[in-house]
Amino acid sequence: KTIMENHYFHQITKMGASIRGALSTAVYRKSLLLSSTGRQDSTTGEIVNLMQLDVGRLEGVATSIHILWDGLLQVFGYTSLLLHFLGPSVFAGIAAMVVVIPVQTVFFKKLSMLRSKMSGYTDDRIKLTNEILQGIRVIKSYNWEKSFQERLSTIREKELAVLVESAAIRGFLVSVLSA
């Protein structure tokens with residue numbers, strides 16, 4: 001089982017990386033072909049978010065699609081084995097897992113909110129970085145480096161704070177699920 005499963009996940013991970021590369025390239029090509037009026041609807045940050053975050057989620061789906069069908073088989077298989085060996089006390093463990101579902105829902109909603117907040121900060125940071133790079137001569141000649149660096153650092157600190165909070169929630173969720 002281990003050899004077959006590792007081979008499967010290796011192939012799926014390669015496929016996920018191919019999907020990521022293909023979709024990133026497609027978004028990048030599309031952004032290059034946009035006219036100036038078409039670019040008004042999307043900022044550089046939004047395009048980068050599409051290329052990195054959203055495509056990364058699709059890559060994650062490719063690696064976890066196996067769980068949809070295999071997970072159900074494992075739950076029923078392991079539950080029946082536990083029921084056979086331990087008896088009806090297995091249902092107490094199942095009840096505990098069912099009780100944890102609402103807690104998970106609350107935390108996943110919080111993670112979703114943090115993800116959209118993070119996306120906004122990332123968009124702002126990329127927009128400002130793009131602005132700095134486009135106006136680097138003016139910034140250098142008027143000695144505005146410090147003020148732009150402070151603005152960029154402020155946005156990055158907010159972004160990192162959201163990232164740390166998100167990691168803490170994810171860590172808590174993993175520990176609850178593992179327990």
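Partly exposed, as used in these legends, means a relative accessible area between the buried limit of under 20% and the exposed limit of over 50%. The structure shown in every view is a predicted model.

**View 1. Y78 sits in a nonpolar patch on the surface.**
Start with Y78, which you will find in helix 3. With a relative accessible area of 45%, Y78 falls between the two limits and is therefore partly exposed. Y78 joins L81, L82, F85 and L86 in making this patch, which covers about 560 Å².

**View 2. S24 of helix 1 meets residues M51 and V55.**
Helix 1 spans residues 2-33 and carries S24. Is S24 buried or exposed? Its relative accessible area is 16%, so S24 counts as buried. Setting aside residues up to four places away in sequence, S24 touches M51 and V55. V55 belongs to helix 3, which runs over residues 44-86. V55 is buried as well, because its relative accessibility is 4%. For a sense of scale, look from V55 across to E159: the two residues are 104 apart along the chain, and their C-alpha atoms are separated by 20 Å.

**View 3. Six residues form the largest nonpolar core.**
Here you can pick out L111, L114, M118, V162, I169 and L173. Which helices each supply at least two residues of this core? They are helix 4, covering 90-134, and helix 6, covering 145-178. As background, nonpolar side chains tend to be buried together in soluble globular proteins. Zoom in on L111 and, leaving aside neighbours within four places in sequence, you will see contacts with S166, I169, R170 and L173. Two of these partners, I169 and L173, are themselves members of the core.

**View 4. A second core stands separate from the largest one.**
This core has five residues. Among them are I132, I139, F148 and I155.

**View 5. N143 has a positive phi in a loop.**
Where does N143 lie? It is in the loop between helix 5, residues 136-141, and helix 6. The backbone is worth a look here: phi at N143 is positive, about 60°, although N143 is not a glycine. N143 has a relative accessible area of 58%, which is over 50%, so it counts as exposed.

Methods: Residues are numbered from 1 along each chain as its sequence is written. This is a predicted model: local features need pLDDT of at least 70, side-chain atom pairs count only at pLDDT 80 or more; totals for chains, interfaces and linings use all residues. Side-chain values use heavy atoms; hydrogens and water are left out. Helices (H or I, at least four residues) and strands (E, at least two) are DSSP runs, numbered from the N terminus. Buried means under 20% relative accessible area, exposed over 50%, partly exposed in between (1.4 Å probe, protein chains only). A nonpolar core is a set of buried Ala, Val, Leu, Ile, Met, Phe, Trp, Tyr and Cys residues joined through side-chain atoms within 4.5 Å. Contact means heavy atoms within 4.5 Å. Patches are made of residues with over 30% relative accessible area and no salt bridge: like charges are joined within 9 Å, nonpolar side chains (Val, Leu, Ile, Met, Phe, Trp, Tyr) within 5 Å. Accessible areas come from the Shrake-Rupley method with a 1.4 Å probe; for residues, only the protein chains shown count as cover. A salt bridge is a side-chain nitrogen of Lys or Arg within 4 Å of a carboxyl oxygen of Asp or Glu.
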